[in-house]
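Let's take a friendly walk through one protein model, a piece at a time. Have the structure open while you read, and look up each part as we get to it.

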Amino acid sequence: MRFRHRAAALLATLSLPLATLVGLASPAQAATSATATFAKTSDWGTGFGGKWTVKNTGTTTIDSWTVEWDFPSGTKVTSAWDATVTNSADHWTAKNVGWNGTLAPGASASFGFNGSGPGSPANCTLNGGSCDGTSVPGDEAPSAPGTPTASDITDTSVKLTWSAATDDNGVKNYDVLRDGAKVATVTGTTYTNTGLTAGTDYSYTVQARDTADQTGPASGAVKVHTTGGDDGGDPGGGDAVKLGYFTEWGVYGRNYHVKNLVTSGSAEKITHINYAFGNVQGGKCTIGDAYADYDKAYTAAQSVDGVADTWDQPLRGNFNQLRKLKAMYPHIKVIWSFGGWTWSGGFPEAVQNPAAFAKSCHDLVEDPRWADVFDGIDLDWEYPNACGLSCDTTSGKNAFSSMMKAMRAEFGNDLVTAAVTADASDGGKIEAADYGAAAQYIDWYNVMTYDFFGAWAKTGPTAPHSPLTSYDGIPQQGFNSAEAIAKYKAAGVPSDKMLLGIGFYGRGWTGVTQSAPGGTATGPAAGTYEAGIEDYKVLKNSCPATGTVAGTAYAHCGSNWWSYDTPATIKSKMDWAQQQNLGGAFFWEFSGDTANGELVSAIDSGLK
């Protein structure tokens, strides 16, 4: 899957805004009386610009403020304005200057700085108190209540019960949150939620509130599916999986957002979304892009439901937009994908302790802020016991199976899937890991049946990057979809646990004189984001298909030669997938399609 990962690496180098919301308090005031927003305003590689904005959201005047935070080693403030900034090693302190220390209710003050290094603020405090808006200095916030248990589930109601939280001065009441939004405040440890919709998934958490009106951390989440209804089945009436990747970085240069799934008509034609990517670092699953994931604010015009984000809402960004999408299209399941071409280097360390790795992933996917958004996890390790962007020579053939076993144990009945190689050559990547043994633990494999050939071979020969079958003159035996699927079947992977991969892009060369495949070239053709690669929505007009080979279209226009899938070739591939009794199809990725989603439509109609 070279395109998606090389594109990820390219876009990761761009300057991205980063914001985290923290609540600030002075000792004499409640913790929710002020907030501070930090934003990385610019990034020039070796340094960055930062800005804090402090706002008084209370009803009394703030007389002064002092913000403190830690930077990781190697990150520091090099200059600052509108605040006095000092440090002791990696601990930094910013105090108001004379003219901006007093903030009336509703007023705000900002200060900025230039910094060096890659880090972001952590462990923030204000005037000695917590910056997260949950505690008052000298008074501990309540503990998390126990994870609720659900009982008496009907078409329209559910009873929730949880164990009590603790607090140094006593718990006053509990907030009950459904899908991240508060639905009730109760004094006891039970609550019955009524007025629900039959056959619908919900997620509940609980937060305790003490006598100082501080809220503690949320409990673990319990998922509830009400009885009755149509059970959220595929609106097309079929059982085939129709899955598309949504990239977190697409919201930047590509200007592709969750709302585009609605305006293109694609949302009603898919069953699942893989959200790409979370990172794998230090043996754990970690956030990929915090700003895009849960902090980017959307206007009413940009938002799925036409409602603008507010500065103080607990969840924004792609996660909140996906939550809104699922409310409109309840048949869609969203899976969080971790790794990918760029971030697969962390897997060998992670699988040294599969159980701890799986727990870290579950804790992140089921974070109470977005637990209702995700229905499972996808692992995209490129490649176990083999070479991708880096080479894994230590994990061993059994590591992949051990990892997937731990994931299943941790995630229970939630979806557990994996993106896997399509290299069916003798001694190739399929043989490097125990994909057959691991199949018992997964719901399906996304077999990456594309990127077989491309302009990384600068002089060619030209060849389709996603051949369905072999053909005379194919540059490498075993590099085609049919042989990959056959090899997985021979290894013991059931047909219905495999999805056929489709690329919504083409790969191309320039300096080509021969129209048929097999020509020589001088290098990669020009592309919008990267040489040698281009979206289908561009190629269908700039270089229309002139022929097909091995079930994939190709085009020779001027001195350029491209290969890509069209609605017609996708239809033939879907017919083949059904003949093979595969579980369905997936594609990389939504933004390569036309504004009216014609490739998604081809997959949908082909799998009826």
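Two strands pair if DSSP finds at least two bridges between them. Helices (H or I, at least four residues) and strands (E, at least two) are DSSP runs, numbered from the N terminus. Before we start: this is a predicted model, where local features need pLDDT of at least 70 and side-chain atom pairs count only at pLDDT 80 or more, while totals for chains, interfaces and linings use all residues. Residues are numbered from 1 along each chain as its sequence is written, and side-chain values use heavy atoms, with hydrogens and water left out.

**A small sheet**

Strand E12 (residues 158-161) is joined to E15 by four bridges, and the two run antiparallel. One spot to look for is Val158, which stands opposite Asn193 in E15. Now zoom out a bit: E12 and E15 belong to an open sheet of three strands, in the order E11-E12-E15, with antiparallel pairing. Which strands sit at the edges? They are strand E11 (149-151) and strand E15 (190-193), each of which pairs on one side only. On average, neighbouring strands of this sheet are turned by 25 degrees against each other, direction ignored. (For angles like this, axes are lines fitted to C-alpha atoms, for helices over the stretch in contact, and angles run from 0 to 180 degrees between N-to-C directions.)

**A buried charge partner and a buried ring**

Next, find Asp175 in strand E13 (residues 171-178). Is Asp175 buried or exposed? Buried means under 20% relative accessible area, exposed over 50%, and partly exposed in between (1.4 Å probe, protein chains only). Asp175 has a relative accessible area of 4%, so it is buried. Its side chain makes a polar contact with the side chain of Arg209, at 2.3 Å. (A polar contact is a pair of N or O atoms within 3.5 Å; within protein, one must be able to donate a hydrogen and the other to accept it, and residues adjacent in sequence count only if both atoms are side-chain atoms.) Leaving aside neighbours within four places in sequence, Asp175 is in contact with several residues, including Lys182, Thr205 and Thr215. Contact here means heavy atoms within 4.5 Å.

Phe71 is another residue to look up, in the loop between strand E4 (66-70) and strand E5 (76-81). With 3% relative accessibility, Phe71 counts as buried. Where does Trp92 come in? Phe71 and Trp92 are 21 residues apart in sequence, and 7.5 Å apart in space, C-alpha to C-alpha. Trp92 is also one of the contacts of Phe71 once neighbours within four places in sequence are set aside; among the others are Phe48, Phe113 and Pro121.

**The disulfides**

How many disulfides does the model have? A disulfide is a pair of cysteine sulfur atoms within 2.5 Å, and by this rule the count comes to three. Here they are side by side:

| Disulfide | Sulfur to sulfur | S-S torsion | Hand |
|---|---|---|---|
| Cys285 and Cys361 | 2.0 Å | 70 degrees | right-handed |
| Cys387 and Cys391 | 2.0 Å | about 115 degrees | right-handed |
| Cys543 and Cys557 | 1.9 Å | about -115 degrees | left-handed |

Start with Cys285 and Cys361, which form a disulfide. Cys285 lies in strand E20 (residues 284-286) and Cys361 in helix H7 (residues 354-365), so the pair ties together parts that are 76 residues apart in sequence. Cys285 is buried at 6% relative accessible area, and Cys361 is buried too, at 0%.

In the second pair, Cys387 counts as partly exposed, with 35% relative accessibility.

The third pair is Cys543 and Cys557. Cys543 lies in the loop between H11 and strand E29 (547-549) and Cys557 in strand E30 (residues 552-557), so this disulfide ties together parts that are 14 residues apart in sequence. Cys543 is buried, with a relative accessible area of 1%, whereas Cys557 is partly exposed at 23%.

**A helix tucked inside**

Last stop: helix H13. Why can we call helix H13 largely enclosed by the rest of the structure? Because seven of the nine residues of H13 (residues 598-606) are buried. These buried residues are Glu598, Leu599, Val600, Ala602, Ile603, Asp604 and Gly606. And what covers them? The cover includes strand E18 (241-247), helix H11 (536-542), helix H12 (567-579) and strand E32 (584-588).

Val600 makes a good example from this helix. Val600 is buried, with a relative accessible area of 2%. Not counting residues up to four places away in sequence, Val600 touches Ser266, Lys269, Ile270, Phe504, Phe587, Phe590 and Asp593. As for Phe586, it is 14 residues from Val600 in sequence and 9.7 Å away in space, C-alpha to C-alpha.
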